[in-house]
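Here's a quick tour of some charged pairs and how hidden they are. Have a look at the model, then read on.

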Protein chains: 2
Amino acid sequence: MKIFTLLQVAVYLPSALALWPRPQNLTTGTTPLRLAPDFSIKISGISHLPKDLTDAVARTTNFLKTDKLQILVPDRGASLASTVKSAKTLQSLTISSISGTSTPIKSISEDAVAGLGVADESYSLRVPAGGDAELTAKSALGMFRGLTTFEQLWFDLGGTTYTLQAPVQIEDAPVYPYRGFMLDTSRNYFPVSDIKRTLDAMSWVKINHFHWHAVDSQSFAIVVPGFEEIAQKGAYSPSQVYSTHDVEDIVSYAAGRGIDVMIEIDNPGHSSVIFKSHPEHIACPEATPWSQFAGEPPAGQLRLASPSTTNFTARLINAVSSMFPSKLFNTGGDEINTNCYAKDNETQADLASQGKTLEEALDTFTQATHSVLADAGKTPVVWEEMALEHQVNLRNDTIVLVWISSEHVGAVAQKGFRLIHAASDFFYLDCGGGGWLGNNINGDSSCGVYKTWQKSYSFNPRAGLEEDQFDLVMGGQQLLWAEQSAPSNLDSHVWPRAASSAELFWSGPGGDVKTALPRLHEVGFRFRQRGVDAIPLQPEWCALRPNACDADA
Amino acid sequence: MKIFTLLQVAVYLPSALALWPRPQNLTTGTTPLRLAPDFSIKISGISHLPKDLTDAVARTTNFLKTDKLQILVPDRGASLASTVKSAKTLQSLTISSISGTSTPIKSISEDAVAGLGVADESYSLRVPAGGDAELTAKSALGMFRGLTTFEQLWFDLGGTTYTLQAPVQIEDAPVYPYRGFMLDTSRNYFPVSDIKRTLDAMSWVKINHFHWHAVDSQSFAIVVPGFEEIAQKGAYSPSQVYSTHDVEDIVSYAAGRGIDVMIEIDNPGHSSVIFKSHPEHIACPEATPWSQFAGEPPAGQLRLASPSTTNFTARLINAVSSMFPSKLFNTGGDEINTNCYAKDNETQADLASQGKTLEEALDTFTQATHSVLADAGKTPVVWEEMALEHQVNLRNDTIVLVWISSEHVGAVAQKGFRLIHAASDFFYLDCGGGGWLGNNINGDSSCGVYKTWQKSYSFNPRAGLEEDQFDLVMGGQQLLWAEQSAPSNLDSHVWPRAASSAELFWSGPGGDVKTALPRLHEVGFRFRQRGVDAIPLQPEWCALRPNACDADA
């Protein structure tokens with residue numbers, strides 16, 4: 001007994017390179033290497049250097065100094081002191097364009113908003129066992145992706161930044177063009193600083209879309225030019241708004257980090273708050289009992305059969321659309337409550353005068369809003385009900401978010417639509433908090449149990465699809481609804497869990513939770529070093545002993 | 001339709017006084033009252049004024065200026081501007097001893113550690129509709145409880161601190177002497193600053209016991225005089241320890257806030273880490289597969305049959321005991337794994353040589369550790385297995401923590417032991433996070449679903465007991481185990497949920513979740529103003545509209 005115990009204690013070796021997401025091709029050696037004290041990152045042969053690329057280099061340079069992540073073994077690397085001290089040094093990292101010297105390139109920001117899959121995110125990274133490293137890519141965006149990989153190669157030991165596994169050679173590119181994260185800032189408000197911190201963290205794991213569920217029935221915080229009254233009356237308070245400057249700031253901050261901001265103006269449901277400034281446009285505003293009129297309080301939906309409301313909504317969407325450079329615009333379309341319209345005299349009168357059914361009116365309404373987007377050169381994105389439950393003639397290029405159940409993926413593909421995985425049974429980060437209705441003692445979360453990182457990580461993006469439908473999958477995202485979320489639990493709900501889908505949709509499916517966990521621990525430790533409050537997935541004892549806390553260990 | 005809707009929008013009036021926990025007797029008026037710009041708190045007629053009482057007064061004075069909690073209605077009180085401006089003013093609060101003038105009183109700190117129910121926590125508070133308010137109590141501890149109530153009477157409107165419900169008269173005292181919160185600082189380490197912030201928050205809702213589960217199999221962070229080697233080898237790192245100074249600091253910080261620190265040195269199970277410094281005392285250290293030897297990795301238990309180990313443990317408990325002034329000392333005793341001892345040659349040899357069964361050895365071992373406590377004038381506290389599953393002759397004054405199931409309360413009472421409610425099915429704050437073992441894709445939390453505040457709030461402390469057993473209930477506590485917890489989710493797991501048991505065991509059972517929720521929202525909002533990251537229980541839309549988000553609203 002004693003013998004195998006003592007042996008077992010000694011087997012915790014330094015972990016493999018903790019890259020997240022896993023690169024497509026990775027070869028490593030066994031040579032210790034440290035950054036030279038005067039290590040520098042250079043950009044070579046690129047004319048008209050984009051400022052956001054030099055900013056990205058500055059951030060990487062800073063992280064190399066400030067991460068100070070000790071290797072995750074019991075002694076945190078102390079026994080490696082002499083190895084690290086005598087290691088060869090890396091003098092520099094040189095970034096260049098694969099297209100050759102003196103090539104003008106677009107900025108990271110331009111690449112980020114160019115459209116789904118338009119910019120090339122691939123990169124090559126070569127870190128020899130001494131001397132100079134090379135990062136090459138076709139685009140500034142690819143260079144930035146490579147920088148976020150380079151940052152993850154290094155550990156700290158008493159101020160020395162080192163790796164044990166030089167030389168390193170990486171060829172990398174994403175499997176899916178859409179890797180996202182959705183945040184609901186309507187149920188509870190999140191200050192700009194929280195959104196920016198989240199964007200930073202997203203970029204570290206190569207998430208490239210921020211789906212901003214900015215407005216819902218509870219509050220409308222975005223100040224929209226020409227529609228300022230909506231936020232004025234619909235925000236929780238004058239300080240809980242996103243000014244036009246805030247929106248520009250968020251969009252530009254995101255783009256500089258390779259992230260496209262897909263705004264969502266959910267309609268015609270989930271829009272009660274517009275009642276405060278435009279009572280004429282909302283059916284069943286704050287009607288009670290709410291459960292007869294909406295999925296959650298307060299009830300209230302845009303009067304989809306009213307030509308005036310249709311025109312108002314189309315103009316609103318046009319105005320919001322011009323605030324966001326993204327080629328994607330999300331018009332929502334989930335959870336339309338028919339009883340709300342059945343009990344609304346104005347809607348019934350509008351339907352009668354037009355001789356339309358509710359579904360026909362929804363089609364007209366949707367054509368109006370989506371043609372605004374088409375005119376602006378944008379692609380509409382909708383929740384799955386618009387494709388599966390309604391008789392709406394969606395444009396062929398519409399992208400559908402599958403949310404109700406991962407089992408609905410096949411039905412969406414059957415209709416020929418491109419889709420984004422966002423299923424509540426795998427990707428909802430707010431599940432498992434119990435019911436939030438006030439007087440419900442044994443209430444359950446609306447989406448059941450907490451979705452662990454293992455659950456989302458093990459999702460199969462091709463399940464339920466025929467082979468010729470595989471290309472319809474644009475990628476996927478995790479989502480945080482905010483009925484029970486706010487800045488106080490933003491980081492703890494999102495990190496490191498949202499990294500699981502980041503790897504799934506960058507590296508592709510089939511990852512093994514057993515080998516992923518030690519790397520994911522390092523994600524969490526590194527995030528915390530950078531000020532993002534990722535939660536521990538296990539006791540620290542486990543984090544320092546790869547796989548010692550597996551079920552079968 | 002429109003008519004009832006508009007009416008319904010207008011009914012959100014300012015909430016009632018948001019006191020938490022609910023006082024035993026509360027009468028309020030309808031007169032607006034504001035604090036005078038030169039409002040002050042005076043202490044009258046007490047000789048040898050305890051410094052911790054004047055410190056508490058200073059904290060209250062500061063909170064009255066810095067809380068700046070706007071009333072929870074949609075306009076946050078804006079429409080009350082003229083009412084508040086023209087309100088009468090309160091000039092001062094005078095604190096005095098109910099025992100008469102010039103009475104020397106003990107300090108809050110002395111009261112806090114005097115023993116279960118020894119110090120009198122009752123107080124009377126009278127806030128007239130102008131002039132001077134009075135707080136009287138028999139003890140400094142009672143005065144402090146009254147101060148934490150007084151702080152909660154006030155809202156802010158543009159810098160004016162006001163209430164709408166003067167005069168206020170309160171007579172208050174706790175129903176149960178033990179209102180606790182347990183934190184596990186072994187699975188993951190929590191810096192002293194996090195513990196202090198938690199102690200502050202606990203005191204705001206009158207929680208009076210901090211059950212510190214400081215050591216477990218994963219790490220041993222407390223530096224114990226005479227046993228320094230245990231933390232030296234057993235802490236996660238040299239910076240993740242609680243020095244003797246840290247412990248003194250925590251104990252004194254807690255006591256000054258009316259909180260007794262009950263330390264737990266769990267034994268003979270949950271002690272693997274001692275193996276690192278004292279391999280001779282631990283059976284099955286880090287043995288694998290861990291599931292055959294322990295409830296979670298790493299395995300390892302004190303060799304309870306070894307006279308040397310028994311002596312070592314008793315000396316360790318004696319040394320730890322002298323670091324804590326509390327009259328309570330928790331020796332754990334949960335989840336003893338018999339297979340670990342069955343496979344340990346040394347334990348089997350010890351049992352054979354003494355002619356004892358394992359249970360007899362456990363009894364001897366426990367007598368040794370508990371008599372150390374008795375000699376020090378302390379009361380042993382144990383987890384329920386020691387009373388229900390083992391043949392140990394516990395001292396009559398032993399207090400039992402019921403944790404496995406609330407249904408075991410009756411069995412503990414049947415044995416005549418006093419008990420503390422800590423049942424996993426109501427009070428565990430870490431449930432619902434999913435399984436944490438590494439390679440378990442569909443793993444469940446060890447204690448099932450997330451325990452909502454409504455769940456813990458609705459617990460009946462007398463369920464399963466006969467009337468003549470009611471007095472055995474000392475109170476109860478919520479608990480945070482730290483397999484998946486760390487500073488990054490401490491506040492979000494604990495607050496405002498832990499306030500639910502604080503009210504349950506101070507005010508007594510029978511509270512209604514419907515009327516409690518608006519008050520609990522105010523707890524959360526006030527906590528956030530004070531830097532404790534309580535999570536939102538609902539969308540802010542609901543928090544500003546009492547009961548609008550009830551299931552039947």
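At 27% relative accessibility, Lys276(B) lands in the partly exposed class, the band between buried (under 20% relative accessible area) and exposed (over 50%), using a 1.4 Å probe and protein chains only. Its partner Glu286(B) is buried, at just 4% relative accessible area.

A word on ground rules: this is a predicted model, where local features need pLDDT of at least 70, side-chain atom pairs count only at pLDDT 80 or more, and totals for chains, interfaces and linings use all residues. Residues are numbered from 1 along each chain as its sequence is written, chains are lettered from A and ligands numbered from 1 in the order in which they are written, and side-chain values use heavy atoms, with hydrogens and water left out.

A salt bridge here is a side-chain nitrogen of Lys or Arg within 4 Å of a carboxyl oxygen of Asp or Glu. That rule gives 52 salt bridges over all chains. Three of them are listed here:

| Pair | N to O distance |
|---|---|
| Arg187(A) and Asp184(A) | 3.0 Å |
| Asp216(B) and Arg187(B) | 3.3 Å |
| Glu286(B) and Lys276(B) | 3.6 Å |

In chain A, both Arg187(A) and Asp184(A) are buried. Over in chain B, Asp216(B) and Arg187(B) are buried too.

So what about networks? Which residues do salt bridges with shared partners join to Arg187(A) in one network? They are Asp184(A), Asp216(A), Glu296(A) and Glu483(A).
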